Amino acid sequence: QVQLVESGGGLVQPGGSLRLSCAASGFTLDYYSIGWFRQAPGKEREGVSCISSSDGSTYYADSVKGRFTISRDNAKNTVSLQMNSLKPEETAVYYCVRGMTTVQRMCVATEVSGYSGMDYWGKGTLVTVSS
């Protein structure tokens with residue numbers, strides 16, 4: 001069975017850091033891209049960062065570039081997202097997702113595009129950025 005399980009969420013002060021982890025089981029990361037999406041209250045799910053399992057290519061949303069880093073450990077079948085200098089507006093549920101497209105196409109997916117090419121989602125982990 002395919003499973004994606006997120007961990008590492010919690011409460012952090014503005015400017016603080018968190019490291020999220022996505023543990024995959026039931027498949028190998030070698031053949032899929034993995035992405036991190038987030039959904040804040042009242043807003044649509046948006047791509048944060050994605051990584052290719054084939055060549056290690058990465059993609060970052062402009063809003064997080066320079067502050068977030070995505071990484072992959074195929075041996076452990078995990079993908080992590082290091083988040084630094086967190087902002088209150090980045091409070092959201094963060095989801096790990098398996099993709100069947102390039103990271104460039106995957107991470108710009110929106111509700112309008114329908115998140116096509118993404119077949120399995122984790123249940124999410126809540127990140128709250130507040131004083």
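Strands in this tour are DSSP runs of at least two residues, numbered from the N terminus, and the model they are drawn on is a predicted one. With that naming in place, select Arg67, which sits in the loop between strand S6 (58-60) and S7.

**Arg67 and its surroundings**

Although Arg67 belongs to a loop, the residue is buried, because its relative accessible area of 14% falls under the 20% cut-off. Display the residues around Arg67, leaving out those up to four places away in sequence, and you will find that Arg67 touches Gln82, Met83, Asn84, Ser85, Leu86, Lys87 and Glu90. Within that group, turn to Ser85, whose backbone oxygen lies 2.9 Å from a polar atom of the Arg67 side chain.

Keep Ser85 selected for a moment, since its backbone deserves a look as well. Ser85 is in the loop between S8 and strand S9 (92-99), and it is partly exposed, with a relative accessible area of 38%. Most residues other than glycine have a negative phi. Phi of Ser85, by contrast, is positive, near 50°.

**The salt bridges**

How many salt bridges does the structure hold? There are five, and a good one to select next is the pair of Arg38 and Glu90, whose side chains meet with an N to O distance of 3.4 Å. This pair links distant parts of the chain, with Arg38 in strand S4 (residues 33-39) and Glu90 in the loop between S8 and S9, 52 residues apart. Both ends are out of the way of solvent by the accessibility criterion, because Arg38 is buried at a relative accessible area of 7% and Glu90 is buried at 3%.

Now select Asp119 and Arg98, which form a salt bridge whose closest N and O atoms are 2.6 Å apart. Asp119 lies in strand S10 and Arg98 in strand S9, so this pair ties together parts that are 21 residues apart in sequence. Are the two partners buried or exposed? Asp119 counts as partly exposed, at 33% relative accessibility, whereas Arg98 counts as buried, at 6%. To return to the starting point of the tour, colour Arg38, Glu46, Arg67 and Glu90 together, for salt bridges that share partners join these four into one network.

A pair in another setting is that of Asp62 and Lys65, where the closest N and O atoms of the salt bridge are 3.4 Å apart. Asp62 counts as exposed at 66% relative accessibility, and Lys65 likewise counts as exposed at 53%.

**A four-stranded sheet**

Switch to a cartoon view and pick out the open sheet of four strands, which has the order S1-S3-S8-S7 and antiparallel pairing. Its edge strands are strand S1 (3-7) and S7, each of which pairs on one side only. Direction ignored, neighbouring strands of this sheet are turned against each other by 15° on average. Inside the sheet, strand S3 (residues 18-25) and S8 pair in the antiparallel sense over six bridges, and a convenient place to inspect the pairing is Arg19, which stands opposite Gln82 in S8.

From here, follow the chain to Asn77, in the loop between strand S7 (68-73) and strand S8 (78-83). Asn77 is buried, with a relative accessible area of 14%, and beyond the residues up to four places away in sequence it touches Cys22, Ala23, Ala24, Ser25, Phe27, Thr28 and Leu29.

**The nonpolar cores**

Next, show the side chains of Trp36, Leu81, Met83 and Tyr94, the residues with the most contacts inside the largest nonpolar core, which has 27 residues. At least two residues of this core come from each of S3, S4, strand S5 (46-51), S7, S8, S9 and strand S11 (125-129), with S3 giving the most, four residues. Centre the view on Tyr94, whose contacts outside its neighbours within four places in sequence include Glu6, Leu20, Trp36, Arg38, Val48, Met83 and Val127. A second, separate core of nine residues can then be selected, with Cys50, Met106, Ala109 and Met118 among them.

**A last stop at Tyr115**

Finish at Tyr115, in the loop between helix H1 (103-106) and strand S10 (118-121). Phi of Tyr115 is near 55°, a positive value in a residue other than glycine, and at 14% relative accessibility Tyr115 counts as buried.

Conventions
Residues are numbered from 1 along each chain as its sequence is written. This is a predicted model: local features need pLDDT of at least 70, side-chain atom pairs count only at pLDDT 80 or more; totals for chains, interfaces and linings use all residues. Side-chain values use heavy atoms; hydrogens and water are left out. Buried means under 20% relative accessible area, exposed over 50%, partly exposed in between (1.4 Å probe, protein chains only). Contact means heavy atoms within 4.5 Å. Two strands pair if DSSP finds at least two bridges between them. Axes are lines fitted to C-alpha atoms, for helices over the stretch in contact, and angles run from 0 to 180 degrees between N-to-C directions. A polar contact is a pair of N or O atoms within 3.5 Å; within protein, one must be able to donate a hydrogen and the other to accept it, and residues adjacent in sequence count only if both atoms are side-chain atoms. A nonpolar core is a set of buried Ala, Val, Leu, Ile, Met, Phe, Trp, Tyr and Cys residues joined through side-chain atoms within 4.5 Å.
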